[in-house]
Amino acid sequence: MNRSQLLSLSPGLGARVDVFIEPLNVAMKRFEIDTPARQAAFLAQVLHESLGLTRMTENLNYSPAALIATFNTRQAIRFTTDAAALYGRTAHHPANQQMIANTAYANRMGNGSIESGDGWRYRGRGPGQLTGKDNYTACGEALGLDLVNCPDQVAEPTVGCLAFAWFWDKGNRTGKSLNLVADIGKIDRLSLAVNGGSHGLAERIALTQRALEVLA
């Protein structure tokens, strides 16, 4: 992928394209994201998750209603109405993003309790939003980096792109490299593996098609 191709996919990058072009190419080469189908699928997920490579740290600026809708499930109520009102963004106060992360991500993905601060420490970073102590630990071991004690590295382009390519190769929920899923064009399955659902699926599909055209 060259500079003009990346700019075509994310025009809003402007001069910052030079910050990402090499890290993306290095990451794709290292993890064999080496065909147009694989690269298009990978870049589409990167661009969607990072808002066109403009966001490298998770945005936790939720309103009370959004906190409840996003993080509460039938299996786990992470925010009571009172807690959501206390931590969420309202007209009277900004969101307490640190407490939102600590509450939303407590006692899962290898994180400790709310009091441990692990939710905030291992919040989403990088173009693929690497999240949770278990992922930071495994990714750091694979890349030869201490991401557990220095998690902010993942918010930097070089490490962040490698981290997402590692996640892609690992397959996370699918148990197999997402290259194999990209090979058969199953963007819905890719999106499920990356995001855990179908959020933004139409845009992910459109971005994949656009990337295929640009990379041709």
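Does tyrosine 122 count as buried or exposed, and at what relative accessibility? At 3% relative accessibility, tyrosine 122 counts as buried, where buried means under 20% relative accessible area, exposed over 50% and partly exposed in between (1.4 Å probe, protein chains only).

The views show a predicted model, in which local features need pLDDT of at least 70, side-chain atom pairs count only at pLDDT 80 or more, and totals for chains, interfaces and linings use all residues. Residues are numbered from 1 along each chain as its sequence is written, and side-chain values use heavy atoms, with hydrogens and water left out.

**View 1. An aromatic pair between helices α3 and α9.** Rings of Phe, Tyr and Trp (its six-membered ring) pair if their centres lie within 6.5 Å; planes under 30 degrees apart count as stacked, over 60 as edge-to-face and the rest as tilted. The count by this rule is eight aromatic pairs. In one of them, phenylalanine 42 and tryptophan 168 meet edge-to-face, with 5.3 Å centre to centre and 90° between the planes. Phenylalanine 42 belongs to helix α3 (residues 36-49) and tryptophan 168 to helix α9 (residues 157-170), so the pair ties together parts 126 residues apart in sequence. Helices (H or I, at least four residues) and strands (E, at least two) are DSSP runs, numbered from the N terminus. Phenylalanine 42 is buried, at 0% relative accessibility, and tryptophan 168 is buried at 0% as well. Phe42, Phe164, Phe167 and Trp168 form one aromatic cluster.

**View 2. The surroundings of helix α3.** Twelve of the 14 residues of α3 are buried, among them Arg38, Phe42, His48 and Glu49. The elements that cover these buried residues include α1 (3-9), α2 (17-30), α9 and α12 (201-215). Leucine 51, which follows α3, has a positive phi, near 55°.

**View 3. Glutamine 129 in the loop between α7 and α8.** At 14% relative accessibility, glutamine 129 counts as buried. Its side chain reaches the backbone nitrogen of glutamate 58 at 3.2 Å. Beyond its neighbours within four places in sequence, glutamine 129 is in contact (heavy atoms within 4.5 Å) with Glu49, Arg55, Met56, Thr57, Glu58 and Gly124.

**View 4. Arginine 123 over the face of tryptophan 120.** Arginine 123 lies 3.7 Å from the ring centre of tryptophan 120. A charge sits over a ring if NZ of Lys or CZ of Arg is within 6 Å of the ring centre and within 35 degrees of the ring normal.

Key. A polar contact is a pair of N or O atoms within 3.5 Å; within protein, one must be able to donate a hydrogen and the other to accept it, and residues adjacent in sequence count only if both atoms are side-chain atoms.
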